[in-house]
Amino acid sequence: MRRFGWIAATAALVAAVAVPRQAEADTMDPALARLVTDENCRAPGGQGGLYYNPQSGYSRCGTDDLAFAKLIGEWGFALAPTAMHPARTTGYGGFDLAFEGAFTNISSNAQYWALGTQGKQDPNNKLFSTRNTGPDSFLQVFSMKTRYGFAPLSLPLGILGMELGTKIGFMANSNIGILGADVRIALVEGFRTGIPAIFPDLAVGGSVTTLTGNPEFQMTVAGADVQLSKPIPIAGSVVLTPYLGYSYLYIFGDSGLIDLTPNTDALNYCGYQGGNSPATPDPNKPYRDGQPVCGGGTSADFNNTAVFDPVRMQRHRIDAGLQFRFQMVRIGAHFVTDIVDPTEANQDEDSMVATPDPNDDPNATVNKFEGMPRQYTLAFDIGLVL
């Protein structure tokens, strides 16, 4: 019963952490409206903001899907599970509560980070500039994690341990929240004596992470990992556990409905009177098509609401870490990096798009992730094992 009390307390803490921290945008919040292929469709305001350009007529801004794909790829690596754990589970009824900080490098000098994130806000007019002049070099993710062990299954070659984990957190300098869960099965654990005790523990696991608090895009990262570890007892009360593993990620990224001229209200610019229907007919059309009926303005800016192409991306990572435990308290350090170049890992048809350069061969294609570097994450955690 005491363990269920700890779980209830953890759930209350999770609810407290899940409350949105603030409504205003932060410097590393997404600003997908800036990612366009034709800047002539709009004009920046004198003090910031992006407005519809009347000179463009009905020409659409067009979405820069290559920039969006790279942003999703780098965000996905940073927000994915770190797989920061040894292969051995907490054991039947065991409970682990930990706090983790993870720091992932990004291509902060790339154009897609400068345009795709908010940057600083003018305190007087509350408008953002048209680019972020100082994106963070590292995405910082802070989270609370729990692990709970289930009844093990005895096998002829050892004990099959099972464990369920949860995660809740947020990305610094943004309103992006993170929710995750994972399940782990220890294929080989429980050997304490004899020759089998020489071999390391082996575990496999699966995880899913999703985002909250961000209306501009949705992301889900599914993962699978394999871990090897070996606990080394020292002086009876200290256990040092090095571990090594591989993890596979599949990133699902989809944009919301993005207004590419966010500082122009299309309804007011049109003088909107309703849809072209029998109730509010357009006198200039003999048919009723449901299109906006304007009073003294133009409906051209309605064309500048768009959805980016969906992103589906694979990442292959290798990780290594070290956990130090003294009685109930443990601390850990962890490093994870790509072992396959992101471009090489994504050579399927969904990763290829028509070249955005109109002077190129119209049949030529380019990889969405071309030029993306490998990333790495440094993570640290501290926790209690009950």
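**Exercise 1. In which strand is the place of Arg330? Locate the residue in this predicted model, and then describe its surroundings.**

Step 1. Arg330 has its place in strand E16, which covers residues 329-338.

Step 2. The relative accessibility of Arg330 is 3%, and because buried means under 20% relative accessible area, Arg330 counts as buried.

Step 3. The side chain of Arg330 is joined to the side chain of Asp96 by a polar contact of 2.8 Å.

Step 4. When residues up to four places away in sequence are set aside, Arg330 touches Asp96, Ala98, Gln323, Phe324, Arg325, Asp381, Ile382, Gly383 and Val385, so that Asp96 appears both as a polar partner and in the list of touching residues.

**Exercise 2. Describe the protein chain as a whole before turning to further details.**

Step 1. The protein chain contains five helices and 19 strands.

Step 2. It has 386 residues, of which 45% count as buried.

Step 3. Among contacts in the protein chain with a separation of 6 or more, 71% come from residues 24 or more positions apart.

Step 4. The accessible surface of the protein chain is about 18,700 Å², and carbon and sulfur atoms account for 61% of that surface.

**Exercise 3. How many disulfides does the structure hold? Work out the pairing, the handedness and the setting of each.**

Step 1. The structure holds two disulfides, and when bonded cysteines are counted along the chain, the disulfides follow the pattern 1-2, 3-4.

Step 2. One disulfide joins Cys41 to Cys61, with an S to S distance of 1.9 Å. This pair links distant parts of the chain, 20 residues apart: Cys41 is in the loop between helix H1 (2-18) and strand E1 (42-44), while Cys61 is in the loop between strand E2 (50-52) and helix H2 (65-79).

Step 3. The torsion about the S-S bond of Cys41 and Cys61 is about 100°, and the disulfide is therefore right-handed. Both Cys41 and Cys61 are buried.

Step 4. Cys270 and Cys294 form a disulfide in which the sulfur atoms are 2.0 Å apart. Here too the pair links distant parts of the chain, with Cys270 in helix H4 (residues 266-270) and Cys294 in strand E13 (residues 292-294), 24 residues apart.

Step 5. The torsion about the S-S bond of Cys270 and Cys294 is about -110°, so this disulfide is left-handed.

Step 6. Cys270 is at 0% relative accessibility and counts as buried, whereas Cys294, with a relative accessible area of 23%, is partly exposed.

**Exercise 4. Which residues have the most contacts inside the largest nonpolar core? Identify them, and then trace the elements that build the core.**

Step 1. The largest nonpolar core has 40 residues, and those with the most contacts inside it are Trp75, Leu79, Trp113, Phe217 and Met219.

Step 2. Two or more residues are given to this core by each of H2, helix H3 (111-116), strand E4 (138-155), strand E8 (217-229), E10 and strand E15 (311-326). The element that gives the most is H2, with eight residues.

Step 3. Met219, leaving aside its neighbours within four places in sequence, is in contact with Ile72, Trp75, Gly76, Leu79, Thr209, Thr210, Leu211, Ile251 and Phe252.

Step 4. Another core, of five residues, lies apart from the largest nonpolar core, and its members include Phe95, Leu97, Ile168 and Leu386.

Step 5. As background, nonpolar side chains in soluble globular proteins tend to be buried together.

**Exercise 5. Is Gly245 buried or exposed? Give its location and its contacts as well.**

Step 1. Gly245 lies in strand E10, which covers residues 238-255.

Step 2. With a relative accessible area of 8%, Gly245 is buried.

Step 3. Gly245 and Ile318 are 73 residues apart along the chain, yet their C-alpha atoms are separated by 5.8 Å.

Step 4. Not counting residues up to four places away in sequence, Gly245 touches Val226, Gln227, Arg317, Ile318 and Asp319.

**Exercise 6. Examine the backbone and the exposure of Ala83 and Asn173.**

Step 1. Ala83 is a residue other than glycine with a positive phi, near 55°. The place of Ala83 is in the loop between H2 and strand E3 (95-105), and at 9% relative accessibility Ala83 counts as buried.

Step 2. Asn173, also not a glycine, has a positive phi near 60°. Asn173 lies in the loop between strand E5 (158-171) and strand E6 (177-189), and at 35% relative accessibility Asn173 counts as partly exposed.

Definitions and conventions
Residues numbered from 1 in each chain as written. Predicted model: local features only at pLDDT ≥ 70, side-chain atom pairs only at ≥ 80, totals over all residues. Heavy atoms only, no water. Helix = DSSP H or I, 4+ residues; strand = E, 2+ residues; numbered from the N terminus. Buried < 20%, exposed > 50% of the residue type's maximum accessible area, 1.4 Å probe, protein only. Contact = heavy atoms within 4.5 Å. Areas by Shrake-Rupley, 256 points an atom, 1.4 Å probe, with all protein chains shown as cover. Disulfide = S-S within 2.5 Å. Polar contact = N/O pair within 3.5 Å; in protein donor to acceptor, adjacent residues only side chain to side chain. Core = buried A, V, L, I, M, F, W, Y, C linked by side-chain atoms within 4.5 Å.
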